[in-house]
Each structure stands twice: as structure tokens, then as C-alpha cells.
Amino acid sequence: VPADRTLLSDEAREIVMLARDFATRELAPLVAEAEASSSFPRDAFARLGELGLLSVPFVTEHGGGGQPYEVYLQALEEIAAVWPSVAVGVSVHAMSCYPIATWGSDEQREKLLARMLDGRLLGGYCLSEADAGSDPAAMRTRASRAADGFRISGAKAWVTHGGWADFYTVFARTSDERSRGISCFHVAGDANGLVAQPPERKMGLTASTTTAILFEDVQLGASALIGDEGQGLAIALQALDSGRLGIAAVANGLAQAALDEAVAYARDRETFGRPIIEHQGLGFMLADMAAAVESARAITLEAARRRDRGLSFHRHASIAKLLATDAAMKVSTDAVQVLGGYGYTKDFPVERMMRDAKVMQIFEGTNQIQRMVIARDLARSH
Ligand SMILES: Cc1cc2nc3c(=O)[nH]c(=O)nc-3n(C[C@H](O)[C@H](O)[C@H](O)COP(=O)(O)OP(=O)(O)OC[C@H]3O[C@@H](n4cnc5c(N)ncnc54)[C@H](O)[C@@H]3O)c2cc1C
């Protein structure tokens, strides 16, 4: 049990242990086959919802778990240690719920939130476009005012849960003003004119479906607008601050699992008459891996504690995302090295971890963009 877990309250520890038990008992047997066949495990999300693991950090009023973000991230880490595709899904779902939970009207919360948090409604987050990834303010998808509400036309790219989600949190342009001309909408997954494209064929995270989504004159009532017109980009960026902590936690879980695999193998495998962990060259590599995992976790949880205390955590979320995902890439690559030729085969999970880690340096803001966020924040506050 990592040191941080021992500081948790009894209730919080129960939640983290529930996540660990669920992941090891119910998810672990499914991982290899679902990843090999690129099958999205929709049922796993229903189970996570039933167990209360999709609602952990949301306020209790509409079915949230009312737990600190620090606790949610540790539960997420346990899921990621077993199945990163599912853990990324939990994090993206939470980010899709965030705008209604935080910026939505009482009516929207009353109508939707409980079903979003208990897993009956799975979410997708439609911010990126084919030509607007790092720079979402360049988006072209448009929501035009109509007599009875809005009509959305355009194409979103890279939507996690595309085609599977029951609702999408969609950002679209309501005026030509670059950043103040974007608004946020709640769109049902089965809306007329919403068409999910075939899944992307990815290097890793293959059980997590990613698609483009076309919006062909999708009609929405006025009540689909979340927050005010023009507030969309602010909502999206605020949701991303919290989402980036989720991705950092997923990276930490993946890195811990890669380290555990490497240590177990290195204690067992012998060359030159002794376990390879006793060769200093390899032992030092494992020591560096452990140092990277522990420090990334500490930085992630410290950023979460700032959020829990109501302090600004914008820069800290980007630092955590940057360091944790770079650590996961390095640690999983080194884990392959520790296993030698076997590490390069699909008979051991470390090659999958290495492939899964790569995307974490790319999505929810590439690590170049995280540096930009950190530098801009330093320029403002110092
Ligand atoms: C598996 C997967 C799942 C995803 N899920 C979602 C989702 O659910 N919802 C969603 O909205 N999006 C999602 N994304 C999209 C993801 O957030 C974008 O791919 C990412 O933000 C990068 O955008 P881009 O691919 O257009 O790259 P680009 O913006 O074209 O960047 C290309 C390269 O240029 C660098 N770069 C760009 N601008 C700068 C700069 N100013 N300074 C320095 N370097 C720069 C980038 O770091 C990158 O290395 C997902 C992506 C993937 C791969």
C-alpha cells in the first residue's frame, strides 16, 4: 500500500480499496482479450456506476460521493493500475459531467446529474476538432440560434466513447469572437443528425473507443445550453484543469503497475548466477523508476489537495500532468528493458503499458501545451 493511502480516513480508504478489489477481481480477467480485439467494455462502466466509483468527487446533492479529489484520484489510480483504458474512461466521464455539475442550472442538475453519476448515462467530451486540438479556440463547429433553441453543425474529432456515449458535452461556436464566441451544450447521444464515425485505429488504449463525430444540423432546445452563451471556453478549460489531474492519476497507476511487474521479474530472473535485481546496473534503473513513481504521485496528490482546499491549482494540475505522464512513459519503457526480450512480447503486459503511456503525453493538452500553461501562469503571478 503506497504511503499516501495510510493517511486516508477509514471511509476514504474503503473507497480506494473498493476500486482496487473491483479492478483486480472484475476487470483484470477482461483486459487482454478486450485490448486485443479493441472491444469497449460498456458493462464495466455500469458496474463502476453501481459501486459509486463514477461519482466519488461530486457533491452529494445529486448523487455524488462527496469525497475530496485526493481520494477520487487514488481510486482512479487503482483502476489504472489494472486497466488504463477504463481509468481514462472514468476520467473523461467525470470531465463530461463537470460542466453540468458546476455550471449547470438547477433544472439541468435535477434532470440529469444523478443518472450521469450512477453510470446509467455515459459521457463523452467534444472539444477537439481535426484542425483545432492544441488550440481549441480555433474550432469551427457552429451552434446557430434557432426559434426554439440551437442547431449545431460541424465535426468534432478524437471523441473518447464516441458512438457509445449516452450524452456528449459539446463545445461549439455561437459567435465569431475567438475565445468568447464558444458555448457549451448538453447533447443526447441519440440526437438526430449526430453521427459517430468509425473508431480510430490506435497504437494503444485500444479498448477505449475514439471516434470523430459529425453534427449534421443537430437541433437542440434552449435548455441544452450549459452556463451562459460565450462562457464555453472558460468552462472547457476549467473542466480540463480537473481532468488533467485525472490523467496524472491514471499515469501514476500505470507507472506503478509497470514498476511492480519489473521488480517481480527482476527478483526472479537470474543471469550470471544471481537475480538481475542484484546487478547494480539494473537495480539502479529500478530505483530510478521507483523514485519517478513516488514523486509523480506526491505532486499529483498535492495539486489535488490544493483543489480540495479551494486554492488555485491551474498551474499545479499542468505540472502534475506533465511530470506524471512523462514518468509513466519512462517507467513503462524501462520496464520493457528490465524484462529483456520477453518484455517485447505480448506474453507480458509491459509492452501494452508502454503503448498506453504514450497517449497520455498527448491528450488533454500535449505536454508542450502544459509547459505553455505553466509558463503563462508564471508570467502572470510572478
Ligand atoms: C486517444 C485520444 C483520445 C482523445 N480524447 C479526446 C476527447 O475525449 N475529447 C476531446 O475533445 N479531445 C480528445 N483527444 C484530442 C487531444 O486532446 C488532441 O489530440 C491534443 O490536444 C493535441 O491536438 P492535435 O492532435 O490536433 O495536435 P496539434 O495541436 O496539431 O499538435 C501537434 C504537435 O505540435 C505541438 N504544438 C502545438 N502547438 C504548440 C505550441 N504553441 N508550442 C509548442 N508546441 C506546440 C503539440 O504539442 C504536438 O506535439 C484525444 C486524443 C487521443 C489521441
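This report describes the ligand site of a predicted model and then several individual residues elsewhere in the chain.

## The ligand and its surroundings

The ligand occupies the largest pocket. Its shell comprises 16 residues, of which Tyr-125, Ser-134, Trp-158, Thr-366 and Gln-368 come nearest. By residue class, this shell holds seven nonpolar, seven polar and two charged residues. Two secondary-structure elements, strand 3 (149–160) and helix 12 (367–381), each contribute at least two residues to the shell.

Three polar pairings between protein and ligand can be described individually. At Leu-127, a backbone N or O atom is placed 3.0 Å from an oxygen atom of the ligand. Ser-128 takes part through its side chain, with a polar atom 2.7 Å from a nitrogen atom of the ligand. For Trp-158, a polar backbone atom is found 2.9 Å from a nitrogen atom of the ligand. Taken alone, the ligand exposes 980 Å², and the protein buries 65% of that area.

## Trp-158 and Leu-205: positive phi angles

Trp-158 deserves separate attention. This residue belongs to strand 3, one of the elements that supply at least two residues of the ligand shell. Although Trp-158 is not a glycine, its phi is positive, at about 60°. Trp-158 counts as exposed because its relative accessibility is 51%, and the cut-off for that class is over 50%. The accessibility class takes only the protein chains as cover, so the ligand does not enter into this value for Trp-158.

Leu-205 also has a positive phi without being a glycine, with a value of about 50°. Its place is the loop between strand 6 (194–196) and strand 7 (210–221). Leu-205 is classed as buried because its relative accessible area is 3%, where the class requires a value under 20%.

## Residues of helix 1 and helix 4

Helix 1 spans residues 10–27 and includes Glu-14. Ala-12 is found in helix 1 as well. The two residues fall into opposite accessibility classes: Ala-12 is buried, with a relative accessible area of 2%, whereas Glu-14 is exposed, at 59% relative accessibility. Each of them has a spatial pairing with Ala-75, given by C-alpha distance in the table below.

Ile-79 lies in helix 4 (residues 69–82). At 2% relative accessibility, Ile-79 is counted as buried. Its C-alpha is 10.0 Å from that of Leu-18, although 61 residues separate the pair in sequence.

## Ala-146 and Arg-315

Ala-146 is part of strand 2, which covers residues 142–146. Its relative accessible area is 19%; Ala-146 is therefore buried, since the class takes values under 20%. In sequence, Ala-146 is separated from Gln-219 by 73 residues, and the C-alpha atoms of the pair are 8.5 Å apart in space.

Arg-315 is located in helix 9 (residues 314–338). With a relative accessibility of 19%, Arg-315 is likewise assigned to the buried class. The side chain of Arg-315 forms a polar contact with the side chain of Asp-377, at 2.8 Å. The distance qualifies because the limit for such a contact is 3.5 Å.

## Pairs distant in sequence

The pairs mentioned above are collected here with their separations.

| Residue pair | Separation in sequence | C-alpha to C-alpha distance |
|---|---|---|
| Ala-146 and Gln-219 | 73 residues | 8.5 Å |
| Ala-12 and Ala-75 | 63 residues | 9.0 Å |
| Glu-14 and Ala-75 | 61 residues | 9.6 Å |
| Ile-79 and Leu-18 | 61 residues | 10.0 Å |

Technical notes. Residues are numbered from 1 along each chain as its sequence is written. This is a predicted model: local features need pLDDT of at least 70, side-chain atom pairs count only at pLDDT 80 or more; totals for chains, interfaces and linings use all residues. Side-chain values use heavy atoms; hydrogens and water are left out. A residue is near a molecule or strand if one of its heavy atoms lies within 4 Å of it. A polar contact is a pair of N or O atoms within 3.5 Å; within protein, one must be able to donate a hydrogen and the other to accept it, and residues adjacent in sequence count only if both atoms are side-chain atoms. Accessible areas come from the Shrake-Rupley method with a 1.4 Å probe; for residues, only the protein chains shown count as cover. On a 1 Å grid over the protein atoms alone, a cavity is a set of points where a 1.4 Å probe fits but cannot get out, and a pocket is an open set with protein on both sides within 12 Å along at least five of seven lines; lining residues have an atom within 4 Å of a point. A molecule sits in a cavity or pocket if more than half of its atoms lie within 2 Å of its grid points. Helices (H or I, at least four residues) and strands (E, at least two) are DSSP runs, numbered from the N terminus. Ala, Val, Leu, Ile, Met, Phe, Trp, Tyr, Cys and Pro count as nonpolar, Asp, Glu, Lys and Arg as charged, and the others, Gly among them, as polar. Buried means under 20% relative accessible area, exposed over 50%, partly exposed in between (1.4 Å probe, protein chains only).
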